[in-house]
Amino acid sequence: MTGFLERLGGTLIARRWLVLVAALGFAVFSVLFGASVVGQLTTSGYNDPSAESTRAESLLAAKYGVGDSNFLLLVKAPTGGVDDPAAARDGVALTKRLAAEHDVTDVVSYWTTGAAGLRSHDGSSALILARVTVDDTKMDSRSNALISAYSGKAGVLSVQVGGSGPVNAQADTQSQDDLIKGEAIAFPITLILQIIVFRGLVASFLPLLLGGFSVLGTLLALRLTVMFTPVSVFALNLTTALGVGLALDYSLFIITRYREELHDGKDPRAALLTTMRTAGKTVAFSAVTVSLAMAAMVVFPLDFLKSFAYAGVSVVLLTALAALTVLPALLAVLGRRVDALAVRRSKPAAPQTGLWYRLASGVMRRPVSVGLTLLIALTALGVPFLSANFGLSDDRVLPANASAHVVADAIRNDFDSQAQSALEVVAPAASPTQVGDYAAALSRVSGVVRVDAATGSYVAGRQVAAPSAASGQFVDPKGGAGTWLSVNTAIEPYSGAGEQLTKQVRAVPAPFQVMVGGPSADLVDTEHAISDRLWIAGAWIVLAMLVLLFLFTGSVVLPLQAIVLSLFSLTAMFGAMVYVFQQGHLRWLVGDFVVSGTLDTTIPVLMFCIAFGLSMDYQVLLLSRIKEEHELTGDNTRAVATGLQRTGPVITAAAAIVAIVFIGIGTSSISIIKMLGLGLALAVLVDSSLVRGVLVPSFMRISGGKANWWAPGVLKRVHQKIGLSEESGAAEPEPESVPAGKS
């Protein structure tokens, strides 16, 4: 690899203008053909397509033309309540008006059915339920149009709009607004930090070019991806954050090494070739490491998590491609002018006098006590995660004043049952004569308010109403076998009680085959889909990291150390997730949000893969310089301290800027995005400072000098044949076309 990268560097120097023109052409092409992907992304993808609940809901839509009520109107009446003649008249008219909308079906209301569950406790308000049938890519726009059309007054009635469709539409709109706000906050801060860190205007501009290249390229990659599979709209947030973050990481690492070589007296060509052979190899290896961590999410059957795998791998590889082609071409053009418009000029201090060298040396004098103290502290920060409660995101991800959230709160507090969150029991081969006894048995399950079936409505094991539109005439209209039942409940669907209810309903003996769907069934099946494949993703990440780090270092000890330390770097993030976002502490610090008492079951997986990938990125950057110093001196203690001094300022500066980007995302009013941004910012800061500055020197000192680089003889021979070796002492080629200070 070192030889290839050095030859690539020579080619880039000779063809630098051609490379830059090609990169510009690629960026323009990406804008023209990739930007349209924004309108093709979905807000769904949280369910396992093969799960029982998903199959039940698909069968309901395909065979019976019905499904979850994803759109509802909360209608408030004036004095006299919803049974007042004027209110009833306007309520019926409003129901008919909604039923006449295109793409809207299954419209029912309190006034047309008389269902008690659609009337509030005090009779001051009632519900109109409906289903919007457009596909996921059009749901947001259709929901927003209906929100505008129906919010406000309808005769004597006041109308507010809710349901899962409006929740997703408002979350999408809010997240886009928050992304702009977050970037407006983060961009000027990161720009100032970049100018300070890169020590000049010219150098600080280079990461922006790389970040733009990778983000635009990822849009093109996602545009191609949506031709074959759905992609979540929230993947764009990851694209922006990772594109900017990794562009900073890789640019800072390469530019810092290039400047080191220039300060050591090399001409620009020789400095660039050495940079490609050393820092370039590290960037390439880091990109493979991070992309494999991101790719682990593809093993989960949820399109939401797969979307982040597609976006994450694309942006990582494209950023590395830009760092290894576009950035060297730019440096070849700039030569020594990379330091132009400098805000401060300083030659790097001797390693032995630097802050990070002294920190590492101090830690290694007392490695056990210092390392153990920090491990205990990090473990304590992670303890709250042991009490994590998992659920799925609902209206409570929105701000408390969002209309869809207000409506959902009113239903939770003022109505007997969660009418829009009923369990749906599909019986595709049932005969109508078999349904009654089964419906009665379901109505006896603890937590069930009422069961509506083709044979009538049932409460506590008894039929309380004859078949009607209220109880549901859901038998196949062709007269054949098959029906479905609606199990109404007052239990919060995305909760432990909701999960238990689903399991109890599924356990009721049925005289025919049944499939149970609905929100709480989605939660049960989603958690099972994630837990069932979690070990596969974990094994993928661990094995990939072990193999790659062995090829990079030739050691079996350092890869194990790296994985253990990276896991400890995540404890604070996971503990904070529960302490802040599940339990509701520190809202005065992180910004207000609605506490639901649960964590979205997909978010910890997403945060782990991203944070672990970034942690391994910093580990590779650090180990590369420690390994280089160890090969030169053979002194473990000196190599660790010198390597940390060489990379500590780079890693910390890059991590600080990346953390600012994530904090910008964390200003979102959407609670799961706030948690994602702030949690990742915390993980990055802990990893880049405490773990890299304290735990790495401590562990490498405890394991001793030669032990750090130990591997069995057979693996040593494998590494000699296929591993990545550093040829830092290779002779530099004669300069050809880039004299000092020229391009």
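Which strand is largely enclosed by the rest of the structure, and why? Select β8 (448-453): five of its six residues are buried (under 20% relative accessible area with a 1.4 Å probe, protein chains only; over 50% is exposed and in between is partly exposed), so β8 is largely enclosed by the rest of the structure. Helices and strands here are DSSP runs numbered from the N terminus, helices being H or I over at least four residues and strands E over at least two.

Before going on, a word about the model. It is a predicted one, in which local features need pLDDT of at least 70 and side-chain atom pairs count only at pLDDT 80 or more, while totals for chains, interfaces and linings use all residues. Residues are numbered from 1 along each chain as its sequence is written, and side-chain values use heavy atoms, with hydrogens and water left out.

**Stop 1: the sheet around β8**

Stay with β8 and bring in its partners. β8 and β9 (456-459) run antiparallel and are joined by three bridges; two strands count as paired if DSSP finds at least two bridges between them. Two residues lie between β8 and β9, which form a hairpin. Click on Asp 452 and you will find its bridge partner, Ser 457, in β9. Towards β11 (residues 483-489), the antiparallel pairing with β8 spans four bridges, and Arg 450 stands opposite Asn 488.

Now show the whole sheet. Its six strands follow the order β10-β9-β8-β11-β7-β12, the sheet is open, and the pairing is antiparallel. β10 (462-465) and β12 (515-517) are at the edges with a single partner strand each, so one side of each has no neighbour in the sheet. From one strand to the next, the twist averages 25°; angles run from 0 to 180 degrees between N-to-C directions, and axes are lines fitted to C-alpha atoms, for helices over the stretch in contact. β7 (residues 423-427) pairs with β11 over five bridges, again antiparallel, and Leu 423 has Val 487 as its bridge partner.

**Stop 2: the helix across that sheet**

Select helix α15 (residues 432-443), which lies across β7, β8, β9, β10 and β11 and runs at about 165° to β8. Thr 433 is one of the residues of α15. Is Thr 433 buried or exposed? With 73% relative accessibility, Thr 433 counts as exposed. Draw a distance from its C-alpha to that of Ala 454: the two are 21 residues apart along the chain, and 9.8 Å separates them.

**Stop 3: a five-stranded sheet**

Next, pick the open sheet with the order β2-β3-β1-β5-β4, which is also paired in the antiparallel sense. At its edges are β2 (104-109) and β4 (152-154); each has a single partner strand, so one side of each is left without a neighbour in the sheet. Neighbouring strands are turned by 30° against each other on average, direction ignored. β4 and β5 (residues 157-162) pair over three bridges, and in β5 you can find Val 159 as the bridge partner of Gly 152.

Add helix α14 (residues 403-414), which packs on this sheet and touches β1 (71-76), β3 (125-132) and β5, its direction making about 105° with that of β5. Contact here means heavy atoms within 4.5 Å. Colour the buried residues of α14, including His 405, Val 407 and Ile 411; such residues pack against β1, β3, β5 and α7.

**Stop 4: two helices side by side**

Follow α7 (residues 164-198) to α9 (residues 235-263): they pack at an angle of about 5°, with their axes 13 Å apart. That makes α7 roughly parallel to α9 (under 35 degrees; over 145 is roughly antiparallel, 65 to 115 roughly perpendicular and the rest oblique). Among the residues that meet are Leu 179 and Phe 198 in α7, and Leu 248 and Ile 255 in α9.

**Stop 5: a helix with two sides**

Finish at helix α13 (residues 367-382). Which residues of α13 are buried? Pro 367, Gly 371, Leu 374, Leu 375, Leu 378 and Gly 382 are. They cover an arc of only 105° around the axis (taken from the directions from the helix axis to the C-beta atoms), which puts them on the same side of α13. Turn to the other side to see Thr 373 and Ile 376, which are exposed. Finally, show what covers the buried residues, including α12 (355-365), α18 (557-569), α19 (571-582) and α23 (671-702).

Terms used. The expected span of a helix is 1.5 Å times one less than its number of residues.
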